[in-house]
Amino acid sequence: MVHNEWAQPGEDEMVEPPPIDTTVAHSARMYDYWLGGMTNFAADRRLGAAVEELIPTIRTMAWENRRFLGRAVRHLIQAHGISQFLDVGTGIPTKGNTHEVAQLANPAARVLYVDNDPIVLAHANALLSSTAVGRTAYIHADLREPRSILDHPALRETLDLEQPVGLMLLGVLMLVADADEPWLHVAELLDALPPGSCVAVSHVTADFDPRAVGAVVNAEDEGRITLVPRTKAEVGRFLADWELLEPGIVPVMAWRPDGEPPADPQAAYYWAAVARKPF
Ligand SMILES: C[S@@+](CC[C@H](N)C(=O)[O-])C[C@H]1O[C@@H](n2cnc3c(N)ncnc32)[C@H](O)[C@@H]1O
């Protein structure tokens with residue numbers, strides 16, 4: 001079921017999505033552009049191409065982040081027995097969405113998607129192609145208001161909070177300014193999850209190439225997009241006192257790579273980590 005906050009009770013699927021402003025670039029649509037998707041407009045492509053001038057490997061980086069999603073979800077299922085996921089900052093549906101990866105490994109996996117961009121809401125039906133024994137749902141809500149996620153009826157309908165949950169926070173925290181207190185909101189989400197739950201984070205960083213990433217921050221700022229690269233220590237703060245799973249906080253390409261370790265793991269400017277709530 002797709003839920004959005006404009007719906008009257010019982011009308012979730014009948015309500016028009018909120019208007020989509022195609023005249024200014026949006027992070028979800030730029031990311032879609034770099035991934036080779038079709039859900040982007042001229043403003044997104046213009047800023048997306050400007051960023052690509054500054055970081056010519058930006059498309060590969062976006063795909064490396066998606067590959068991490070796949071590896072993290074499979075690892076949580078296979079090594080930690082997690083079968084339910086809360087994916088906040090879902091993005092426009094593309095290849096290898098969380099429920100597709102999860103349900104390949106465990107057909108009974110359940111996924112609740114959350115995003116605050118109306119265009120993701122407009123395409124959310126593509127995220128609901130669940131197996132018969134699993135379940136998926138989507139809510140239009142904001143990470144900066146964790147109660148809007150935690151108190152939403154869809155959360156309890158989709159996930160069992162007595163059982164460990166895999167919280168996916170991939171490529172989203174970098175879009176939340178320090179002034180919006182992302183650490184506080186993530187802590188509230190972590191607190192709501194039972195022991196044995198895991199959180200996966202990927203986060204853009206300027207640690208590997210400060211000049212290029214600094215230029216991208218300026219370009220996105222001019223395009224009215226908030227982009228906050230964070231250091232390894234700042235990313236670590238999102239994980240609170242949860243136990244870091246091996247190999248720790250590492251460049252995204254170096255997080256449990258399939259096959260050979262990458263020759264230059266810092267070629268994608270993301271930190272990645274998965275941590276587990278102690279019992
Ligand atoms: C770069 S995409 C990442 C998509 C996917 N998680 C991935 O890693 O491939 C970031 C997504 O986060 C969403 N987002 C940004 N700020 C958000 C917020 N405060 N609450 C919920 N979603 C947010 C954007 O709308 C966008 O769809």
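The paragraphs below lead from the overall build of this predicted model to its central strands, its ligand shell and a few unusual spots in its backbone.

Taken as a whole, the protein has 10 helices and nine strands. Its radius of gyration is 18 Å, close to the 19 Å that the globule rule gives for 279 residues, so the protein is as compact as a globular protein of that length. Along the principal axes, the C-alpha atoms fill a box of roughly 45 × 45 × 35 Å. Of the 279 residues, 45% count as buried, and among the contacts with a separation of 6 or more, 74% are made by residues 24 or more positions apart.

A good place to look inside is strand β6, residues 198-204, where seven of seven residues are buried. In a regular strand, the side chains alternate between the two faces of the sheet. Both faces of β6 are covered, with C198, A200, S202 and V204 buried on one side and V199, V201 and H203 buried on the other. Which strands pair with β6? Strand β5, residues 166-170, runs parallel to β6 and is joined to it by five bridges, and within this pairing L169 stands opposite V201. To get from β5 to β6, the chain passes through helix α8, residues 182-192, in a β-α-β crossover that is right-handed. Strand β9, residues 270-276, pairs with β6 in the antiparallel sense over seven bridges, and here H203 of β6 stands opposite W271 of β9.

Helix α4, residues 98-105, offers a second view of the interior. Six of its eight residues are buried, so this helix is largely enclosed by the rest of the structure. The buried residues are T98, H99, E100, V101, A102 and Q103, and they pack against α3, β2 (84-88), β3, β4 (135-140) and β5.

One residue of strand β3 deserves a closer look, namely D115. Is D115 buried or exposed? With 25 other C-beta atoms within 10 Å, D115 is buried, because the cut-off for a buried residue is 20 or more. Leaving aside neighbours within four places in sequence, D115 is in contact with G89, T90, G91, V120 and H140. By contrast, D115 and G259, which are 144 residues apart in sequence, lie 32 Å apart in space from C-alpha to C-alpha.

The ligand is surrounded by 23 residues, of which the closest are A28, G89, G91, D117 and L170. The elements that give two or more residues to this shell are α1 (27-34), α3 (58-80) and β3 (110-115). Sorted by class, the shell has 11 nonpolar, seven polar and five charged residues.

Finally, the backbone itself has some features worth finding. Most residues other than glycine have a negative phi, and most peptide bonds are trans. In this model, however, a cis peptide bond with an omega of about 10° joins E246 and P247, and P247 lies in the loop between β7 (243-244) and β8 (250-251). R224, although not a glycine, has a positive phi of about 65°; R224 sits in the loop between α9 (210-222) and α10 (232-237), and R224 is exposed, with 10 other C-beta atoms within 10 Å. A240 is likewise not a glycine and has a positive phi of about 50°. A240 belongs to the loop between α10 and β7, and with 14 C-beta neighbours inside 10 Å, A240 counts as partly exposed.

Terms used:
Residues numbered from 1 in each chain as written. Predicted model: local features only at pLDDT ≥ 70, side-chain atom pairs only at ≥ 80, totals over all residues. Near = placed C-beta within 6 Å. Helix = DSSP H or I, 4+ residues; strand = E, 2+ residues; numbered from the N terminus. Nonpolar A, V, L, I, M, F, W, Y, C, P; charged D, E, K, R; others polar. Buried ≥ 20, exposed ≤ 12 C-beta atoms within 10 Å, placed from the backbone. Pairing = 2+ DSSP bridges. Right-handed = clockwise from strand over helix to strand, strands pointing away. Rg over C-alpha atoms; globule rule 2.2 N^0.38 Å. Contact = placed C-beta atoms within 7 Å.
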